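Please open the structure in a viewer and keep the selection tool at hand. The tour below proceeds stop by stop, stating what to select and what is found there.

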Amino acid sequence: MAAPAASAPAYRQLLVDGQWRPSSTRAERAVIDPSDGSHIIEVADATTADAAAAAKSAADSFASGAWRRLTPAARAKVLWRVADLIEANAAALASLETRNGGKPWTAALGGEVPFAAECFRYYAGWCTKLEGRSKSISSVGTARMHSYTRLEPIGAVALIVPWNGPLVQASWKLAPALAAGCSCVLKPDEHTPLSALHLGALLLEAGVPPGVVNVIPGDGRVGAALVSSPDIAKVSFTGSTATGRKVLAECSNDLRKVTLELGGKSPLVVFADADIERAIDGASRAIFDNAGQVCVAGSRLYAEASVYERVLAGIAERAQKLRVGPASDPDTEMGPVISAAHLRNICAHVDSGRRQGARIVVGGAAFDRRSGFYMQPTVLADVQPTMQVVQEEIFGPVLAAQSFASFHEALQLANDTRYGLAGSVWTDDINKAHTFAEELRAGLVWINCHGVPDMAVPFGGYRQSGWGRENGYEGLLEYTEHKSVMAMLR
């Protein structure tokens, strides 16, 4: 299916208290298509006053009980309708992801949109299963006691999402928060607000009460205002580790709950006994999908010395054959990066690797094109652990590769990072695979695959890759408070 002809996005204002409204200052921000640098539309640019209004709307709706006091079955039906509406609007949503975020059309229509729908269906099923427990009293003596626990929604929550997967990231946070009974303020990144605004409209259409979901695109000042708002009980933030530290510092002032999904520098470790062709294909997808703008991108490759050059050659061949072009072209395999500034940052990282002695196997520069922001698929070989390209998240289609001689060395190299979000190991030795997975300091480890998502599997990082978990039952619990109740019986 070809991408539909470009049309004006349907939603361009803030969604606050169930109403579409302009920014309090009437300010607007241009939304850009990274495939050609063209102007798509002007969208309302939220202010700190708008953030305060949205936070109050969420807090008021929570206090009213309009959503949290619905029966779990009633909330489940609404979330299921959201999923149906996402699928009914698949072409429109995929077009927004393609034009606004540079996501290739086939990936947006066949991956992003169905996965967003699945987020809401998955958590619709949990609405009726969020249960407490009865407890046996152990130390009160002869008194007759009845004790039980409750899982209650935490309150109004701020959900701050990045630009690299705006529809899915919004769904990852909204679905469990709503399933738990929370009210929400969603702040999409200022670069990519369009699919989040459309999703807000679908939530209203599905029957989410006014004020329960507010959507306010804006820059970091808006996010900071939400994080510091006294009306917000919890913050869920996905973005850079540097910004995550600021979010954590602000939330610590009054000990509000926080979930942080931050940076990553994920290792992809290939042993000589692996299916090498399968590993080459997996490693290529792990770094070049979405132009490497993925938090779990396999950006550090470690291959056993006897297969190192073969793996490098295979990945380089795939890089050279990749069809790089506009995201709307159904034949495009790798689209643009998000902005001119981000493209310059990626190139600066590659230049640092070159200066520090890395060997450029393929790529190494931006494409020389009249319009759009395109980076060549790049492989840097023979890197060293201290290099910037090894230690810092580049967030682009740049792979840093090094060989290893033993299991111990591979593990040492893989763990030599301040991050710990994800990683993968490739081997046909089941003992080696599971031992490596056990010893790798990362929140998610794949064996003989990389980057495979599933809503049932908790997602989050060790060390500077974040706090808390998203997805699965564990992701739902992040939006609840645990209450214990004890009653003395006569």
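**First stop: Asp-219**

Select Asp-219 together with Arg-29: the two side chains make a polar contact at 3.5 Å. The model on the screen is a predicted one. Asp-219 belongs to the loop that runs between β9 (213–215) and α7. Is Asp-219 buried or exposed? Its relative accessibility is 12%, and because residues under 20% are classed as buried, Asp-219 counts as buried. Now display the surroundings of this residue. Setting aside neighbours within four places in sequence, Asp-219 is in contact with Arg-29, Asp-45, Lys-187 and Glu-190.

**Second stop: Thr-98**

Next, select Thr-98, which is placed in helix α3 (residues 90–101). This threonine is buried, with a relative accessible area of 3%. Which backbone atom does the side chain of Thr-98 reach? The partner is the backbone oxygen of Lys-103, at 3.0 Å. Lys-103 also appears among the residues that Thr-98 touches when those up to four places away in sequence are not counted; the others are Pro-104, Trp-105, Ala-108, Ala-327 and Ser-328.

**Third stop: the nonpolar cores**

Select Ile-86, Phe-120, Leu-174, Leu-178 and Leu-203. Within the largest nonpolar core, which has 69 residues, these five touch the most other members. Helix α4 gives the most to this core, with 11 residues. To study one member in detail, centre the view on Ile-86. Residues up to four places away in sequence being left out, Ile-86 touches Leu-93, Val-113, Ala-116, Ala-117, Phe-120, Leu-199 and Leu-202. Another core, of 58 residues, lies apart from the largest one; Phe-271, Ile-276, Val-307 and Val-379 are among its members.

**Fourth stop: Ala-279**

Move to helix α9 and select Ala-279, which lies in it. Ala-279 counts as buried because its relative accessibility is 0%. Then add Ser-424 to the selection. The two residues are 145 residues apart along the chain, and their C-alpha atoms are separated by 10 Å. Which residues are in contact with Ala-279, once neighbours within four places in sequence are left aside? They are Val-270 and Trp-426.

**Fifth stop: the largest pocket**

Helix α9 is also a guide to the largest pocket, since it gives the most to the lining, with 7 residues. Select Arg-285, Asp-289, Val-294, Gly-451 and Pro-453, which lie nearest the centre of this pocket among its 46 lining residues. The pocket holds about 1300 Å³ of space. Colour the following elements in turn: α4 (105–126), α5 (166–180), α9 (276–288), α10 (308–321) and β18 (444–447). Each of them supplies at least two residues of the lining. A colouring by residue class would show 21 nonpolar, 15 polar and 10 charged residues in this lining.

**Sixth stop: the second largest pocket**

The second largest pocket holds about 960 Å³ of space. Select Trp-163, Phe-237, Gly-239, Ser-240 and Thr-243, the closest to its centre of the 41 residues that line it. Which elements each supply at least two residues of this lining? They are α7 (220–228), β10 (234–238), α8 (241–252) and α11 (340–355). Of these, α8 gives the most, with 7 residues. The lining divides into 16 nonpolar, 15 polar and 10 charged residues.

**Last stop: the cavities**

How many cavities of 30 Å³ or more does the structure hold? There are 5. The largest has a volume of about 80 Å³. To find it, select Ala-297, Ser-299, Glu-393, Ile-394 and Phe-395, which are the closest to its centre of the 13 residues in its lining. That lining comprises 7 nonpolar, 4 polar and 2 charged residues.

The second largest cavity contains about 50 Å³ of space. Select Pro-267, Tyr-419, Gly-420, Ala-422 and Arg-441 to centre the view on it, as these are the closest to its centre of the 15 lining residues. Here the lining is made up of 7 nonpolar, 4 polar and 4 charged residues.

Terms used: Residues numbered from 1 in each chain as written. Predicted model: local features only at pLDDT ≥ 70, side-chain atom pairs only at ≥ 80, totals over all residues. Heavy atoms only, no water. 1 Å grid on protein atoms, 1.4 Å probe; cavity = no way out; pocket = protein on both sides within 12 Å on 5 of 7 lines; lining within 4 Å. Points joined across faces, edges and corners; volume = space filled by probe spheres on them. Helix = DSSP H or I, 4+ residues; strand = E, 2+ residues; numbered from the N terminus. Nonpolar A, V, L, I, M, F, W, Y, C, P; charged D, E, K, R; others polar. Core = buried A, V, L, I, M, F, W, Y, C linked by side-chain atoms within 4.5 Å. Buried < 20%, exposed > 50% of the residue type's maximum accessible area, 1.4 Å probe, protein only. Contact = heavy atoms within 4.5 Å. Polar contact = N/O pair within 3.5 Å; in protein donor to acceptor, adjacent residues only side chain to side chain.
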